[in-house]
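The following paragraphs lead the reader through a protein chain, from one local detail to the chain as a whole. Please keep the sequence and the structure in view while reading.

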Amino acid sequence: MNEGICAKCAQATVYAVTADDNERALAISAFKAVLMTHFICTSCGYVEQYVLDPADRQKIEQKARLITPRQS
Ligand SMILES: [Zn+2]
């Protein structure tokens, strides 16, 4: 999706919207939040969301619970 091609319908009609206000940011603690970017295909309506800023992803690593894969 972030290459400009829809992952579902393969059309080049992907638009990016970043919510840059605090109300729509993902709160990971009382004082930290990360910005979410939505990639939206206007042909089929498919949406993916990403945390694009590596510094924001680092905040998640510091604050959130890591999901450990189960051993089979
Ligand atoms: Zn699509």
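Which residue takes a positive phi in the hairpin of β4 and β5? In this model, which is predicted, the residue is Gly45, and its phi lies near 90°. The hairpin has 5 residues between its two strands.

The two strands of this hairpin also pair with each other. β4 and β5 are joined by 4 bridges in the antiparallel sense. One position can be followed directly on the structure: Thr37 stands opposite Tyr50 of β5. It is useful to recall here how such pairing comes about. Strands of a sheet pair through backbone hydrogen bonds, and the arrangement may be either parallel or antiparallel.

β4, which covers residues 37-41, has a second partner, β1. These two strands run antiparallel, and 5 bridges join them. Val14 has Cys41 in β4 as its bridge partner, and Val17 stands opposite His38 of β4.

The two pairings can now be put together. The result is an open sheet of 3 strands in the order β1-β4-β5, with antiparallel pairing. Why is one side of β1 and of β5 left without a neighbour in the sheet? β1 (14-18) and β5 (47-50) stand at the edges and have a single partner strand each, so one side of each remains without a neighbour there. From one strand to the next, the twist averages 20°. In looking at the sheet, the reader may also bear in mind a general rule about side chains. In a regular strand they alternate between the two faces of the sheet.

The view may now widen to the whole chain. The chain contains 5 strands and 1 helix, and along the sequence they follow the pattern β-β-β-β-β-α. How spread out is the chain beside a compact globule? For 72 residues the globule rule gives 11 Å, whereas the radius of gyration of the chain is 15 Å, well over that value, so the chain is more spread out than a compact globule. Along its principal axes, the C-alpha trace spans about 40 × 35 × 15 Å.

Two further values complete the description. Of the 72 residues, 6% count as buried; a residue is counted in this way if 20 or more other C-beta atoms lie within 10 Å of its own. Among the contacts in the chain with a separation of 6 or more, 44% are between residues 24 or more positions apart.

Notes:
Residues numbered from 1 in each chain as written. Predicted model: local features only at pLDDT ≥ 70, side-chain atom pairs only at ≥ 80, totals over all residues. Pairing = 2+ DSSP bridges. Axes fitted to C-alpha atoms, helices over the stretch in contact; angles between N-to-C directions. Rg over C-alpha atoms; globule rule 2.2 N^0.38 Å. Buried ≥ 20, exposed ≤ 12 C-beta atoms within 10 Å, placed from the backbone. Contact = placed C-beta atoms within 7 Å.
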